[in-house]
Amino acid sequence: MPTRDIATVVAAMDARLVRMPPERTAQRVFLDTYRRTTLAVGKAIDDAQFEDPEWVERWDVAFADLYLAALELDLVGSHEVPRPWRLAFDAPESLPALRHVLLGINAHINYDLPQALLAVISDADFDDPLVMARRQRDHERIDGVLSARVAAEDDELGTLSARSMLDRVLQPLNRLSSKRFLREARQKVWHNTIELQQARVAGPEAYAARLAELEVLSAARIADLLAPGQVLLRLAVAGFGVTLPPAA
């Protein structure tokens, strides 16, 4: 297999955007947003913002591949689409562009991100405190990259769908809430990654059971976001991300 890097992932996104069916407007919006974010992560790697840039690139590729795989399954009508993504993909097209992006972000961060981290952190790495500290610091540095994109992406989405007066009044608060969501959700992701790794060590059945728990929790959060009202305000009250409980 040829080495995959961020450039090949962006190329795959470009190819999918070209082939995206016209009726899939919502999925196109999220994919376009994700493409810009992926480019921002690539630039941060080039600008030496991470301690282990090679690891961050492998992680980002594994992360993006999980989303692209779920999207392909949905586009071919497969019943194997993970539940968080199925709910996000099936959301009504009439929802504002921001709502569709939030649904995708929640599915991707809450469900996919722990799996992506496990794909690039070996069990031996988990036993090395120095390596894990470096991995966690680079994981947290992603917050800075994504938070820097919030205002630009909000402006971009504002051009795609009309906003009510209340939406415009709440825009500054929504941007702050988005940054808080990214920070808090990623903290919970790190916890969930450790829980999944412990299950991975215990064996395939234990891992499958814990991943199924994460799938249910992530899908429930997507269902919450599909309820009417101001999504970010509701997230601010209910909390961001999902947390796996201790293993039975």
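This report describes a predicted model of a protein chain, from its overall build to a few single residues.

The model is predicted, and local features need pLDDT of at least 70, side-chain atom pairs count only at pLDDT 80 or more, and totals for chains, interfaces and linings use all residues. Residues are numbered from 1 along each chain as its sequence is written, and side-chain values use heavy atoms, with hydrogens and water left out.

**Overall build and confidence**

The protein chain has twelve helices and zero strands, where helices (H or I, at least four residues) and strands (E, at least two) are DSSP runs numbered from the N terminus. Of its 248 residues, 48% count as buried, a term that stands for under 20% relative accessible area, with exposed meaning over 50% and partly exposed lying in between (1.4 Å probe, protein chains only). Among contacts (heavy atoms within 4.5 Å) between residues at least 6 apart in sequence, 76% join residues at least 24 apart.

The mean pLDDT, which is the predictor's confidence in each residue from 0 to 100, is 84 for the protein chain, and 80% of the residues reach 70 or more. Over residues 162-176, however, the pLDDT is below 50, although this stretch has 19 contacts in the model beyond near neighbours in sequence. Where pLDDT is low, the predicted coordinates should not be read in detail.

**The nonpolar core**

A nonpolar core is a set of buried Ala, Val, Leu, Ile, Met, Phe, Trp, Tyr and Cys residues joined through side-chain atoms within 4.5 Å. The largest one holds 59 residues, of which Leu31, Trp59, Tyr67, Trp85, Leu117 and Ile121 touch the most other members. The elements that give two or more residues to this core include helix H1 (6-19), helix H7 (129-147), helix H10 (171-202) and helix H11 (204-225). Leaving aside neighbours within four places in sequence, Leu117 is in contact with Trp55, Trp59, His139, Val189, Trp190 and Thr193.

**A cavity among the helices**

A search of the whole structure finds two cavities of 30 Å³ or more; on a 1 Å grid over the protein atoms alone, a cavity is a set of points where a 1.4 Å probe fits but cannot get out, and lining residues have an atom within 4 Å of a point. The second largest has a volume of about 90 Å³, a volume being the space filled by probe spheres set on the points. Helix H2 (25-46), helix H3 (53-75), helix H4 (83-89) and helix H5 (97-120) each give two or more residues to its lining. Among the lining residues are Phe30, Tyr67, Trp85 and His100, and the lining divides into eight nonpolar, three polar and no charged residues.

**Three single residues**

The table sets out where three residues lie and how accessible they are.

| Residue | Place | Relative accessible area |
|---|---|---|
| Ala48 | loop between H2 and H3 | 61%, exposed |
| Pro82 | loop between H3 and H4 | 16%, buried |
| Asn110 | helix H5 | 1%, buried |

Ala48 has a positive phi of about 60° although it is not a glycine. Pro82 and Asp112 are 30 residues apart in sequence and 9.8 Å apart in space, C-alpha to C-alpha, and Pro82 is in contact with Ala70, Tyr111 and Glu215 when neighbours within four places in sequence are left aside. Asn110 and Phe240 are 130 residues apart in sequence and 9.4 Å apart in space, again C-alpha to C-alpha. With neighbours within four places in sequence left aside, the contacts of Asn110 include Ile105, Ala185, Leu214, Arg221 and Val242.

Methods:
1 Å grid on protein atoms, 1.4 Å probe; cavity = no way out; pocket = protein on both sides within 12 Å on 5 of 7 lines; lining within 4 Å. Nonpolar A, V, L, I, M, F, W, Y, C, P; charged D, E, K, R; others polar.
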